[in-house]
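Work through the exercises below with the sequence and the coordinates open. Try each task before reading its solution.

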Amino acid sequence: LARLSLLAGDCDIALAGGCKVIVPNREGYRFVDGGPLAPEGHVRAFDAGANGMVRGSGAAMLVLKRLEDALADGDTIYAVMIGSAVNNDGAFKAGFTAPSVAGQAAVIADALATAHVSASTIGYVETHGTGTVLGDPIEVAGLTEAFRQSTDRREFCAIGSVKPNIGHLDAAATVAGLVKTVLALRHERIPPSINFHRPNPHIDFATSPFFVNAELRPWPRGDAPRRAGVSSFGLGGTNAHIVLEEAPREVHSGRVRSHELLLLSARSEPAIREASIEMAEHLRRHAGQSIADVAHTLQVGRREFSHRCALVCREHADAADALSHRDAARVMSGAVDGAPVSLVYMFPGGGAQYPGMAAGVQLNEPVFRGSMEECAALLGDTAGDAMRAFLERSPGDTGRDGLELERPSVALPALFAVEYSLARTWISWGLAPAAMIGHSLEHG
């Protein structure tokens with residue numbers, strides 16, 4: 001329902017999930033021969049010893065957005081939901097709790113149709129997998145019937161169930177299976193379906209498209225997108241199936257600057273120390289992440305609290321060492337009281353210029369470069385070219401005649417252009433001044 005609401009434009013973001021909590025937490029149950037609950041407290045989905053399920057407690061929530069919006073917003077995308085279907089075959093079943101091959105096959109085929117994909121492209125199915133005597137054979141039969149509408153391949157698709165791990169979570173069962181499958185896609189590994197030793201003799205796996213995934217299995221990306229299905233079948237005839245596809249490959253921003261600014265904040269001094277340690281550990285564990293992306297997320301994707309610290313760094317190891325040791329020479333820290341603050345720009349005048357000044361900013365900051373070119377164009381060809389030549393020289397190189405530092409027609413426009421371009425750059429970062437002050441040329 002959340003997916004369809006998003007596609008219809010009814011909302012731009014949706015939260016979908018479920019929760020089931022058993023109270024008291026360690027409550028037992030009385031086994032009834034032929035009933036749905038296992039006599040020894042273990043779920044053995046699709047195994048020859050399958051004889052029922054156990055109940056569990058859990059909760060999970062998914063954040064759903066349209067793919068184009070998530071990409072535009074730079075969100076971390078775990079997987080893409082490309083198809084889904086729901087039906088109810090309760091009027092055609094023998095009893096309220098009885099499963100149905102026809103109903104399950106129909107909902108899976110409908111989900112594949114809405115996804116516009118062939119069953120042959122599905123590499124894994126997270127099944128309902130309750131481990132009941134009646135339910136498991138019917139589920140594989142329904143899956144087989146649905147897959148056979150588009151493929152004759154045998155034993156190519158892994159199946160599994162999270163219920164042997166955590167029990168049947170009732171209202172949270174579907175989202176638990178979704179979380180497992182999404183993580184399998186993200187981490188490129190299919191977790192084992194535990195408690196499986198021998199296939200249920202009432203399930204003909206050999207002629208079906210399926211095999212039970214009983215061990216951790218690599219699931220690497222390839223030329224074609226990896227896809228998975230998630231099934232959930234409820235009492236009373238309601239059946240649901242979702243088709244997932246791997247997320248688009250993450251595009252890192254790449255390095256624009258030689259240094260990055262990392263910002264952390266917390267509610268208290270102990271909390272900011274702990275946040276610094278945790279960030280240092282994160283940087284050590286995820287050395288493959290772009291340090292520019294880490295800096296951007298910390299700057300614009302986190303709430304601001306009163307206790308803060310800041311660090312200018314080059315790479316992960318450099319930042320991790322400084323944060324973990326709280327290097328006072330590099331890590332600036334302090335607390336703010338919430339009072340409004342203002343910023344004043346202070347500009348030096350003639351005499352502060354030198355050849356090659358602001359070369360690093362010129363190289364790394366596009367706003368600065370654009371403003372400098374704007375100034376050079378206003379100066380005209382001769383003066384503009386002279387200013388560019390002055391700024392491109394190495395420090396200490398005053399030119400052939402050694403007098404360019406003294407020539408106001410070159411030095412003062414260059415100084416003004418650098419300071420103007422710096423101001424434009426700072427303003428583009430949100431650092432607008434409340435006042436400005438200067439002397440000499442800047443005073444004028």
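**Exercise 1. The main core**

Task: Find which residues have the most contacts inside the largest nonpolar core.

Solution.
Step 1. Set the criterion. A nonpolar core is a set of buried Ala, Val, Leu, Ile, Met, Phe, Trp, Tyr and Cys residues joined through side-chain atoms within 4.5 Å. Buried means under 20% relative accessible area, exposed means over 50%, and partly exposed lies in between, with a 1.4 Å probe and protein chains only.
Step 2. Read off the set. The largest core has 33 residues, and those with the most contacts inside it are F46, L112, F147, I159, F205, F210 and V243.
Step 3. Assign elements. Helices (H or I, at least four residues) and strands (E, at least two) are DSSP runs, numbered from the N terminus. Two or more core residues come from each of β3 (79-88), α3 (101-115), β4 (122-126), α4 (135-147), β5 (157-160) and β7 (210-212). The top contributor is α3, with seven residues.
Step 4. Look for a second core. A separate one has 23 residues, including A14, V175, A228 and V230.
Step 5. Place this in context. In soluble globular proteins, nonpolar side chains tend to be buried together.

Before going on, note the source. The model is predicted: local features need pLDDT of at least 70, side-chain atom pairs count only at pLDDT 80 or more, and totals for chains, interfaces and linings use all residues. Residues are numbered from 1 along each chain as its sequence is written, and side-chain values use heavy atoms, with hydrogens and water left out.

**Exercise 2. One core residue**

Task: List what I159 touches, not counting residues up to four places away in sequence.

Solution.
Step 1. Define contact: heavy atoms within 4.5 Å.
Step 2. Apply the sequence filter. With residues up to four places away not counted, I159 touches F46, Y124, V125, T127, V140, F205, F210, F211, V212 and N213.
Step 3. Follow F46. This residue sits in the loop between β1 and β2. F46 counts as buried, at 0% relative accessibility. Its phi is positive, about 65 degrees, although F46 is not a glycine.

**Exercise 3. The β1-β2 loop**

Task: Is G34 buried or exposed?

Solution.
Step 1. Locate G34: the loop between β1 (14-20) and β2 (58-64).
Step 2. Check the area. G34 has a relative accessible area of 75%, so it is exposed.
Step 3. Compare sequence and space. G34 and T132 are 98 residues apart in sequence, with 9.3 Å from C-alpha to C-alpha.
Step 4. Inspect the backbone. P24 also has its place in the loop between β1 and β2. The peptide bond joining V23 and P24 is cis, with omega about -5 degrees.

**Exercise 4. Helix α9 and Q289**

Task: Identify what the buried residues of α9 pack against.

Solution.
Step 1. Pick the buried positions. In α9 (residues 316-325) they are H316, A319, A320, A322 and L323.
Step 2. Name the partners. These buried residues pack against β11 (260-266), α7 (269-285), α8 (291-300) and β12 (307-313).
Step 3. Check the helix end. Just after α9, R326 has a positive phi of about 50 degrees.
Step 4. Turn to Q289, in the loop between α7 and α8. Q289 counts as partly exposed because its relative accessibility is 29%. Q289 touches H282, V294 and H316, not counting residues up to four places away in sequence. From Q289 to H316 the C-alpha distance is 8.8 Å, at 27 residues apart in sequence.

**Exercise 5. The whole chain**

Task: Compare the radius of gyration of the protein chain with that of a compact globule of 444 residues.

Solution.
Step 1. Apply the rule, 2.2 Å times the number of residues to the power 0.38, with the radius taken over C-alpha atoms. A compact globule of 444 residues would come near 22 Å, but the chain has 31 Å.
Step 2. Check the extents. Along its principal axes, the C-alpha trace spans about 100 × 50 × 40 Å.
Step 3. Count elements: 13 helices and 15 strands.
Step 4. Assess burial. Of the 444 residues, 40% count as buried.
Step 5. Assess contact range. Among contacts with a separation of 6 or more, 76% join residues 24 or more positions apart.
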